[in-house]
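The exercises below work through a single protein chain, each with a task sentence followed by a solution in steps. Please have the coordinates open while reading.

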Amino acid sequence: MLPPPMPNRTCEGCGDPLAPDKRNGVPSEPYTLIDLLERDGYCCHLCREKIDPTLSHPDPMCATVDHVVPLSRGGTDLRSNVAPAHLRCNLVKKDRPASE
C-alpha cells in the first residue's frame with residue numbers, strides 16, 4: 001500500500017495531489033509554491049523574469065515548481081532542489097537539469 005500524499009503538495013497544472021509513487025524513496029520535505037516564490041523574490045529561476053502570482057494555469061506565465069535536477073535524473077524534492085519557474089519555461093526545460 002502506498003503512503004498518502006504529503007499535505008500542501010499538489011500538481012501545479014491541475015491542483016490534484018501529487019501521486020505518492022512520484023516521490024517514493026525520493027528525499028522530500030514540505031513546501032508550497034508561495035514559500036518558493038517568497039524565497040526567490042517572485043523570480044523565475046530559468047529566465048530571471050518576474051512571476052505574477054495572480055496568474056493561474058493554463059497561462060504560460062503562471063508559477064510552477066521546477067526541480068533543478070529533475071526527479072527522473074536522481075534529483076530530490078527538497079527545497080534546495082526546487083525553484084519557481086514560469087509554466088512556459090518549465091515546459092521548455094522538460095526533464096533536463098537547469099544547467100543544460
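A salt bridge is taken here as a side-chain nitrogen of Lys or Arg within 4 Å of a carboxyl oxygen of Asp or Glu. The model is predicted, and every value below is computed from it.

**Exercise 1. Charged pairs**

Task: Establish how many salt bridges a search of the whole structure finds, and classify the partners of the pair formed by Lys93 as buried or exposed.

Solution. Step 1: The search of the whole structure returns three salt bridges. Side chains of opposite charge can pair when their charged atoms come close.

Step 2: Arg79 and Asp35 meet through their side chains at 3.5 Å, N to O, and this pair connects distant parts of the chain, since Arg79 sits in the loop between β1 and β2 while Asp35 belongs to helix α1, 44 residues apart. Arg79 is partly exposed at a relative accessible area of 34%, and Asp35 is likewise partly exposed, at 29%.

Step 3: Arg39 pairs with Asp40, with 2.8 Å between the closest N and O atoms. Arg39 has a relative accessible area of 42% and is therefore partly exposed, and Asp40, at 26%, is partly exposed as well.

Step 4: Lys93 bridges to Asp66, the closest N and O atoms being 2.9 Å apart; here too distant parts of the chain are linked, with Lys93 in helix α2 (residues 87-93) and Asp66 in strand β1, 27 residues apart. The cut-off for buried is under 20% relative accessible area, so Lys93, at 6%, counts as buried, and Asp66, at 2%, counts as buried too.

**Exercise 2. The nonpolar core**

Task: Identify which residues make up the largest nonpolar core, and determine which element supplies the largest share of this core.

Solution. Step 1: The core holds 11 residues in all, namely Tyr31, Leu33, Leu36, Leu37, Cys44, Ile51, Ala63, Val65, Val82, Ala85 and Cys89.

Step 2: At least two residues of this core come from each of α1, β1 and β2 (82-86), and the largest share, three residues, is supplied by α1.

Step 3: As background, nonpolar side chains tend to be buried together in soluble globular proteins.

**Exercise 3. A polar residue in strand β1**

Task: Decide whether Thr64 is buried or exposed, and find which side chain Thr64 joins in a polar contact.

Solution. Step 1: Thr64 is placed in strand β1, which covers residues 63-67.

Step 2: The relative accessible area of Thr64 is 5%, so Thr64 is buried.

Step 3: The side chain of Thr64 makes a polar contact of 2.9 Å with that of Asn90.

**Exercise 4. Backbone geometry in the loop between α1 and β1**

Task: Examine phi at Tyr42 and at Arg48, and determine what form the peptide bond from His57 to Pro58 takes.

Solution. Step 1: For reference, most residues other than glycine have a negative phi, and most peptide bonds are trans.

Step 2: Tyr42, in the loop between α1 and β1, has a positive phi near 55 degrees although Tyr42 is a residue other than glycine. With 27% relative accessibility, Tyr42 counts as partly exposed.

Step 3: Arg48, also located in the loop between α1 and β1, has a positive phi of about 70 degrees and is not a glycine. Its relative accessible area of 59% makes Arg48 exposed.

Step 4: The peptide bond from His57 to Pro58 is cis, with omega near 15 degrees, and Pro58 is placed in the loop between α1 (33-39) and β1.

Key: Residues are numbered from 1 along each chain as its sequence is written. This is a predicted model: local features need pLDDT of at least 70, side-chain atom pairs count only at pLDDT 80 or more; totals for chains, interfaces and linings use all residues. Side-chain values use heavy atoms; hydrogens and water are left out. Helices (H or I, at least four residues) and strands (E, at least two) are DSSP runs, numbered from the N terminus. Buried means under 20% relative accessible area, exposed over 50%, partly exposed in between (1.4 Å probe, protein chains only). A polar contact is a pair of N or O atoms within 3.5 Å; within protein, one must be able to donate a hydrogen and the other to accept it, and residues adjacent in sequence count only if both atoms are side-chain atoms. A nonpolar core is a set of buried Ala, Val, Leu, Ile, Met, Phe, Trp, Tyr and Cys residues joined through side-chain atoms within 4.5 Å.
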